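Student: I would like to learn how to read the surroundings of a ligand. Please take me through one case.

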Amino acid sequence: MNDIVFALTVLRETGSTNDDLKAVLTSNITSDAGILNFHGYSELAFVQTAGHGRFERVWDSRYGGLYLSTLLFMQKLGQLNLTAVVIISSLSVMEAIEQFCGKEILKIKWPNDITAYGKKLCGILLQTIAGSPGTPVIIGIGVNVFNEINKNKLRDSAILEPITLKEITSRNYFESDIITLSNEILSRLNYNFKKADNGHYDEIFSKYNSRLLYTGEKIELFNRIEDGEKIAEGIFYGLDKNGFILIKSENLSEPAAYPSGEIKKI
Ligand code: BTN
């Protein structure tokens, strides 16, 4: 799926590709009159010195990983809301990674981690920038490709253990693979956002729902895992039509819907 050419800046090293895109937006480079496409500027870095993830966690970004951010202008995407952006971007990134390894081993941990064998292969950070023209969303994607992983430092122990593409596929990876994967991700994002905008969001939503990790299993829902504040506990039923997570607790006859949080398998 590489027939579209994207404007992509490739950097050897930067602080954070998400922060760089934020700086682009606040520099007034975009204006209401100037935004033509829903899909804007993209930046790829081979190293980040200040990579960050959800809930202000540090994203270890040493050489060998893919660190990519791209701008999306919601104003150009009709009816799609932020939940739809989470769903479309996760599915697109997973489909891109599928080009490198078996489809059956990849699952999405709600809301937007891509996992293999229950370990974290990729994280996605969406950031909205209030007050900027076009209602921009920065989609930041980190994939463990052939980076060395410091399992103690990388993430809190309560969160998923990391895994790399190299470990999964047992072959060598190079910078050229990171560029190929990055182009594949951008291409899938473009394809799926267009598709959703053309009235086929339901199809994307069902695919996403069918690939969720822990479906039918017992989970806990937290605001943020490290804080330990549990919101619910029960069997995971996937997402409802609004994109809310469905959990059936023992004391309820039907699953209840929750809009946000972080899940953990019991
Ligand atoms: C998470 O799982 O918490 C999301 C991690 C997102 C990391 C990516 S790497 C590219 C972009 N730049 C950042 O600083 N973060 C995102």
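Tutor: Begin with the neighbours, where near means that a heavy atom of the residue lies within 4 Å of the molecule. Of the 20 residues around the ligand here, Ser16, Gln48, His52, Arg54 and Lys120 come nearest. This is a predicted model, so local features need pLDDT of at least 70, side-chain atom pairs count only at pLDDT 80 or more, and totals for chains, interfaces and linings use all residues. Residues are numbered from 1 along each chain as its sequence is written, and side-chain values use heavy atoms, with hydrogens and water left out.

Student: Which kinds of residue make up the shell around the ligand?

Tutor: Ala, Val, Leu, Ile, Met, Phe, Trp, Tyr, Cys and Pro count as nonpolar, Asp, Glu, Lys and Arg as charged, and the others, Gly among them, as polar. The shell has six nonpolar, eleven polar and three charged residues.

Student: What polar contacts does the ligand have with Lys120, Arg54 and Thr17?

Tutor: A polar contact is a pair of N or O atoms within 3.5 Å; within protein, one must be able to donate a hydrogen and the other to accept it, and residues adjacent in sequence count only if both atoms are side-chain atoms. For Lys120, an N or O atom of the side chain is 2.6 Å from a ligand oxygen. For Arg54, a polar backbone atom is 2.6 Å from an oxygen of the ligand. For Thr17, a side-chain N or O atom is 3.3 Å from a ligand nitrogen.

Student: How much of the ligand's area does the protein cover?

Tutor: Accessible areas come from the Shrake-Rupley method with a 1.4 Å probe; for residues, only the protein chains shown count as cover. The ligand on its own has 420 Å² of accessible area, and the protein covers 99% of that.

Student: Which elements give two or more residues to the shell?

Tutor: Helices (H or I, at least four residues) and strands (E, at least two) are DSSP runs, numbered from the N terminus. The elements are α1 (17-26), β3 (66-73), β6 (119-128) and β7 (136-143). The largest share, four residues, comes from β6.

Student: Where is the cis peptide bond?

Tutor: The bond from Trp110 to Pro111 is cis, with omega near 5°. Pro111 lies in the loop between β4 (106-109) and β5 (113-116).
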